[in-house]
Amino acid sequence: MRRPAQRRKRASTPGTVPAPVSGLVKNRSLVRPDPLGAEVLDGWIPTSRGCRVRGGMLRSATVGAPVVSLFSYQSAANQNLFAATATDVYDISSLNPAVVPTADISGQTAGYYSTQQIGTVGGDFLYIVNGLDEAQLFDGLAWTAINGGSTPAITGVATSDLSHVWLYRGRLFFVEKDTLNAWYLPVDSIGGTANSVSLAGIFQRGGSLLFGATWSLDSGDGIDDKCVFVSTEGEVAIYAGGNPGVASDWNLEGRYDIAKPLGLNCTMQAGGDLLIGTDDGIVPLSQVIQKDPAALSLSAVTRSIEDLWLFEAKRNTGQVELHKWADEAIAVVVLPSSDRTLVVNLQTGAWAPVPGWEPNCAQLFLGRMFAGFEDGYIRALDETGLDDTDPFTVSYCHSFMGDPTRFKNGQMVRFAFFAPQDFTFKAGMKFDYETEFGAAPSATIPNAGSDYLVWDVGNWDEKLWWSEAIEKSTGVVVTNWISISGFGTTFAPTLQITSGSSQKLDIELIRADYLLEEGQGVVV
């Protein structure tokens with residue numbers, strides 16, 4: 001005989017989830033989510049123990065027209081940062097956001113450059129090429145257009161046809177645009193007769209040579225280095241040896257297939273590996289030589305954000321760039337066609353998108369990451385607490401958890417942070433994979449003014465200035481329990497923080513605690 005259904009008494013269930021050390025995770029099953037992942041992590045920077053609120057963008061220089069590329073030159077005597085528009089190259093090393101400097105190079109027909117610095121007995125030099133204009137050489141003081149009659153000179157190939165440059169075992173190598181030819185100079189030279197290396201008999205899928213790179217197996221320069229050639233169609237040829245002109249010192253080690261690469265500068269050296277950005281993700285070259293192309297996405301550095309990466313790759317129309325920022329233990333991925341930039345922690349491999357960072361290009365210079373924008377400004381990233389003069393909000397939603405066969409009723413939530421003081425935030429809980437956030441919370445204004453002076457606000461000789469040392473003297477801040485409402489079968493704590501002053505927020509998420517009422521099921 002069937003008994004009528006009876007609902008058992010519900011009990012309050014406490015719990016704790018750690019900060020999302022795994023970063024944004026989009027490739028896990030909804031049934032078995034990553035307990036250390038996040039469903040939303042907009043505007044946070046992954047750290048080795050969680051994630052921190054990003055800094056803002058500081059307007060640092062201007063060139064008066066859309067910035068197409070950034071590059072730098074550094075020697076014992078000079079440190080220069082350059083910005084290029086579609087027609088001109090500017091030295092912006094003075095970092096003056098109010099004045100457009102006089103152009104160092106004018107009348108160019110393309111503004112996206114491949115660059116390479118080389119040190120010789122004659123000094124340090126920087127080459128830039130764009131595949132349309134003559135190559136330009138910077139010696140620390142001035143630029144020289146390089147051709148067959150200049151000093152120095154390059155003969156054997158028109159330098160206006162050179163679209164990419166890299167350094168391999170002391171030799172400058174160049175790509176000849178729209179061909180399968182590479183060219184190289186003598187060792188430790190910035191000029192001379194260029195000799196060719198043809199990949200026509202190696203690559204099998206057509207297209208042209210896109211870029212070359214050095215694969216340094218031991219994280220340095222040595223005899224184990226490999227010379228890598230990559231085509232527009234995603235073919236990779238790897239050579240060993242030091243002199244392409246000597247058969248015994250130049251050997252093809254293999255040809256491999258990857259998805260189409262996303263740009264001239266979409267590579268990065270990571271330890272003993274070379275990372276290449278492709279349509280299917282950022283793939284390590286060490287995996288390219290071991291796996292079938294169809295399986296490479298499983299080994300991609302972007303595996304945890306595969307869906308997001310595929311979306312961005314499909315809509316990308318510009319040159320995607322990878323930039324290592326070792327001081328911050330992150331890498332920055334510039335997506336020119338997107339409304340966000342991606343960052344990844346170099347130690348944990350955790351990813352997070354940064355909405356609002358929409359540059360065309362970027363360059364690390366003297367430990368700071370600068371980015372060039374469509375409005376002609378160059379901005380320093382992850383500095384101050386404002387995007388120019390505008391507040392910004394960061395949002396976090398943990399990966400959804402819970403037995404999907406039982407209803408939960410959210411009751412309370414609290415968070416723990418590493419932070420120097422209390423701050424304003426908005427906490428809550430989402431249910432059943434719904435991640436829409438409501439209105440942003442009020443801006444957090446760091447309470448430095450009560451005990452310390454703030455730059456551009458305080459007066460000299462009144463109190464101590466708020467300093468980096470003070471900012472880094474953080475403690476653990478545990479918030480009070482906050483009542484919440486909502487119900488569903490799966491749940492996730494959420495958090496929003498708005499940064500609204502010139503002072504960068506020093507807030508790192510540690511954990512989230514929750515209390516919810518969970519049904520015990522139905523007995524039939």
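**Cores, rings and a one-sided helix**

Leu-509 makes a convenient starting point: beyond residues up to four places away in sequence, Leu-509 touches Ala-19, Pro-20, Trp-44, Arg-49, Gly-50, Cys-51, Tyr-396, Phe-415, Ala-416, Phe-417 and Leu-495. The model in view is a predicted one. Leu-509 also belongs to the largest nonpolar core, a set of 63 residues. Within this core, the residues with the most contacts are Trp-44, Val-333, Phe-415, Phe-417, Ile-497 and Leu-509. Strand S30 (residues 330–334) supplies the largest share of the core, namely five residues. Another core lies apart from this one; it has 18 residues, including Val-228, Ile-238, Ile-258 and Leu-264.

Strand S30 appears again in the surroundings of helix H2. This helix spans residues 306–315, and its buried residues are Glu-306, Leu-308, Trp-309, Glu-312 and Ala-313. These residues sit on the same side of H2 because they cover an arc of only 160° around the axis. A simple rule of helix geometry is helpful here: an α-helix has 3.6 residues a turn, so residues three or four places apart point the same way. The face turned away from the buried side of H2 bears the exposed residues Asp-307 and Lys-314. As for packing partners, the buried residues of H2 rest against strand S3 (23–24), strand S27 (273–278), strand S28 (281–284), S30 and strand S31 (340–345).

Aromatic rings are the next feature to visit. The model contains 25 aromatic pairs. One of them joins Tyr-168 and Trp-250 in an edge-to-face arrangement, with 6.3 Å from centre to centre and 70° between the planes. This pair bridges distant parts of the chain, since Tyr-168 lies in strand S17 (residues 162–168) and Trp-250 in strand S25 (residues 250–257), 82 residues apart. Both Tyr-168 and Trp-250 are buried. They also take part in a cluster linked by ring pairs, made up of Trp-166, Tyr-168, Phe-173, Tyr-184, Phe-229, Tyr-239 and Trp-250. Rings meet charged groups as well: the charged end of Arg-54 sits over the ring of Phe-392, 3.8 Å from its centre. Likewise, the charged end of Arg-379 is placed over the ring of Phe-373, at 4.8 Å from the ring centre.

Strand S17 also holds Leu-167. With a relative accessibility of 28%, Leu-167 counts as partly exposed, whereas Tyr-168 is buried. Leu-167 and Ile-118 are separated by 49 residues in sequence, and their C-alpha atoms are 7.5 Å apart in space. Setting aside neighbours within four places in sequence, the contacts of Leu-167 are Gln-116, Gln-117, Ile-118, Leu-172 and Thr-214.

A last stop is Asn-130, found in the loop between strand S13 (123–129) and strand S14 (135–138). Its relative accessibility is 11%, and Asn-130 therefore counts as buried, the limit being under 20%. The side chain of Asn-130 has polar partners in the backbone. One of its polar atoms lies 3.0 Å from the backbone oxygen of Ala-110, and the backbone nitrogen of Leu-132 is 2.9 Å from a polar atom of the Asn-130 side chain. Not counting neighbours within four places in sequence, Asn-130 is in contact with Gln-108, Ala-110, Tyr-112, Tyr-113, Leu-162 and Ser-163. Among these, Ala-110 is thus both a contact of Asn-130 and the residue whose backbone oxygen lies 3.0 Å from a polar atom of its side chain.

Conventions. Residues numbered from 1 in each chain as written. Predicted model: local features only at pLDDT ≥ 70, side-chain atom pairs only at ≥ 80, totals over all residues. Heavy atoms only, no water. Phe/Tyr/Trp six-rings, centres within 6.5 Å; stacked < 30°, edge-to-face > 60°. Helix = DSSP H or I, 4+ residues; strand = E, 2+ residues; numbered from the N terminus. Buried < 20%, exposed > 50% of the residue type's maximum accessible area, 1.4 Å probe, protein only. Lys NZ or Arg CZ within 6 Å of the ring centre and 35° of its normal. Core = buried A, V, L, I, M, F, W, Y, C linked by side-chain atoms within 4.5 Å. Contact = heavy atoms within 4.5 Å. Arc of directions from axis to C-beta. Polar contact = N/O pair within 3.5 Å; in protein donor to acceptor, adjacent residues only side chain to side chain.
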